[in-house]
Amino acid sequence: MIEDAKVDSHTGAAGSTPGPERPASLGKLVEQISEQATRLVRAEIALAKAELTEKAMKSGIGIGLLVVGLLILAYAVGVLLLAAVYGLGTVWPLWLSALAIGGFMVLVTIVLALVGVQLLKKGTTKPESIQRVQDDITAIKEGMGR
């Protein structure tokens, strides 16, 4: 860290041992701060990339579940239409069974859609590391302005 930075002093006499260590020069300290700030910003950017990748993956799963839910809904509509046709033209057991199957498919679709929407909500929030990078940049700008 900055406190640990020391520069060897030279006494100028040949063969003599160096004198007591003195603190690093202001230029050296500014250079170290600059290097550390650069490393910090790079680390925060890497963290933001990792968070965005994770959120994109969750969004992809959410979209996939919504697509599957819509596909099941399409079949459910077909089954419900078939149930209405059979209900009009035949006796109770046939259309009642088709109606029960169609209703079950709609329930499964609703559950899948709700889970998919929840995953999409989690995947579309702003990563915390982006805010931290913005805070770091603001703090560095304020520090340089003094």
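Is Leu73 buried, exposed or partly exposed, and what is its relative accessible area? Keep that in mind as you click through this model, which is a predicted one.

Start by selecting Leu73. You'll find it in helix α1, which covers residues 26–89. Its relative accessible area is 32%, so it counts as partly exposed.

Now add Leu70, Val77 and Leu81 to the selection and switch on a surface. Together with Leu73, these residues make up a nonpolar patch on the surface, and the four share about 360 Å² of accessible area.

Next, hop over to Thr109. This one sits in helix α2, residues 92–123. Thr109 is buried, because its relative accessibility is just 8% and the cut-off for buried is under 20%. Show its surroundings: leaving aside residues up to four places away in sequence, Thr109 touches Gly69, Ile72 and Leu73. So Leu73 turns up twice on this tour, as a member of the nonpolar patch and as a contact of Thr109.

Last stop: charges. Side chains of opposite charge can pair when their charged atoms come close. How many salt bridges does the structure hold? The count is 1. To see it, select Lys58 and Glu54 and draw a distance between their closest N and O atoms, which are 3.5 Å apart. Both residues belong to helix α1 and are 4 residues apart, about one turn of the helix. Color them by accessibility if you like: Lys58 is partly exposed at 32%, and Glu54 is partly exposed too, at 43%.

Technical notes:
Residues numbered from 1 in each chain as written. Predicted model: local features only at pLDDT ≥ 70, side-chain atom pairs only at ≥ 80, totals over all residues. Heavy atoms only, no water. Patch = residues over 30% accessible without salt bridge, like charges linked within 9 Å, V, L, I, M, F, W, Y side chains within 5 Å. Areas by Shrake-Rupley, 256 points an atom, 1.4 Å probe, with all protein chains shown as cover. Salt bridge = Lys/Arg side-chain N within 4 Å of Asp/Glu carboxyl O. Helix = DSSP H or I, 4+ residues; strand = E, 2+ residues; numbered from the N terminus. Buried < 20%, exposed > 50% of the residue type's maximum accessible area, 1.4 Å probe, protein only. Contact = heavy atoms within 4.5 Å.
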